[in-house]
Amino acid sequence: MSSMIEFRDVQKYYGKFHALKDINLKIDKGETVVLIGPSGSGKSTLARTVNGLETIQEGQLIVNGRDIADKSTDINRIRTDVGMVFQHFNLYANKDVLENVMLAPRIVLKLSEEENKKTAMALLDQVGLADKAHNMPSQISGGQAQRVAIARSLAMKPRCMLFDEPTSALDPEMIDDVLGVIKYVTSQSDMTSLIVTHEMGFAQEVANRVIFMADGQVLEDDETNKFFKHPSNERASQFLGKIIKH
Amino acid sequence: MIKLLVDNWSAFISGFGWTVLSSLLALFFSLIIGSLFAILEVMPSKVARVIGNVYVEVFRNIPLLVITMFFYLVIPLYVVKINGFTAGTIGLTIYTSAFIAETVRSGINSVDDGQMEAARAQGMTFWQAMKNVVLPQAFKLVIPPLGNQFINLVKNSSVLAFVAGFDLMYQGNAIASTTFETVNTYVVVGLFYLVITLPISYYMQHLERKLA
């Protein structure tokens, strides 16, 4: 299988702080990979390099066949293939729910108004929020906002989705609905997903592979069952021990 | 006072007209120029930010009268002949645009970074994200301070009087010096300014309530 995302000796610095160290990773097309680790370990930073929200200083980062770090790469073109869902949803506050979904397809993909609206309504229906189409983001709950944000990303027909702690800002009773939608998205056979999360049960359920990070390094990269049953890295097993206790 | 107003009606009205025209032109162009420099100040490119910053710091820290005199005296000498009205309006535009740039920039900075990030993550360019997502939110936030800038602009248009711009203040000076009814004249002039500024003030409050 060919790879969708490939890190080759990637280094990322914030000033003198070495945020990502010697990252070498390959995520194949159609795979669902969950990224876990303590806070400050660089998980979010790693996810955000994939669509160029964070720049890398060394190495190569190949996304869908193009090197992100190459200056001649059109980053906006890559971003249309890579959807992103944020911890704080970041719905466009000046647009209603439907417009949130329709905006980028209209101005970036230049989709016809009719087709755009049809796709948008279908997506809102899929995430169970067709009846909220004309609400403003401030009028819906966090869980609903995150489902809209997922629909908004899917409207671009991405090949790959990045989920950056999609449920961390949600009330507990809203998490299930959002995870349900993410599960559905990742189950699409041609969708590649990278998910940063603290939901271990969910990770076990959806992930093909789990990557454990600490201090800007990838410490373990294993098939899901093996990772949760027999983590080979000591820090990973400590981390799991702490998380699963609660 | 009524007699003064009636006797000099055409002069007052002509002055009022030029003041309104100058204010409208300056408002329109300073809003555009100010917004452009505000965007320059928040662009990813460092060069753009420096250009924006230099423009704002230079023009908001020089007195309006000095800027206006510069356009009135220096430009005709070396570039192109312009009259007092044009020079005054250009000076007013540039001076006000520096303040509008600062106002709009503070609005842009108050919009959550996540908004720009989400838009960029969907493949929008910086300008598309600005235009469709960030600026509409930023302008909504800065309606009250923008209203202040517009009102200041109208009042500052009295600088035209110094460069023979035939505005309200210029006509007031002329009327006062021929009729010697100094106090009455400037009361009338003040009332004419209120005719322009009060509706702006009221309209901005209305806009603020409507969009809140």
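**A tour of two pockets**

Start with α6 of chain B: this helix gives the largest share of the lining of the largest pocket, four residues. Keep in mind as you click around that this is a predicted model.

To find the middle of that pocket, select A:G52, A:L53, A:R79, B:P44 and B:R120, the lining residues that lie nearest its centre. In full, 30 residues line the largest pocket, and the space inside comes to about 870 Å³.

Next, highlight the helices around the largest pocket. In chain A, pick α2 (75-81). In chain B, pick α2 (9-42), α5 (84-110), α6 (113-121) and α7 (126-141). Each of these supplies at least two residues of the lining.

Now try colouring the lining of the largest pocket by residue class. You should get 14 nonpolar, eleven charged and five polar residues.

Ready for another stop? Move to the second largest pocket, which holds about 270 Å³ of space. Select A:T119, A:L123, A:Q126, A:L154, A:K157, A:P158, A:R159, A:Y184, A:V185, A:Q188, A:D190 and A:M191 to show its lining. Two or more of the lining residues come from each of α4 (113-126) and α6 (172-187) of chain A.

Which helix gives the most to the lining of this second largest pocket? Select α4 of chain A, with its three residues.

Finish by colouring this lining by class too: the second largest pocket has six nonpolar, three polar and three charged residues.

Methods. Residues numbered from 1 in each chain as written. Chains lettered and ligands numbered in written order. Predicted model: local features only at pLDDT ≥ 70, side-chain atom pairs only at ≥ 80, totals over all residues. Heavy atoms only, no water. 1 Å grid on protein atoms, 1.4 Å probe; cavity = no way out; pocket = protein on both sides within 12 Å on 5 of 7 lines; lining within 4 Å. Points joined across faces, edges and corners; volume = space filled by probe spheres on them. Nonpolar A, V, L, I, M, F, W, Y, C, P; charged D, E, K, R; others polar.
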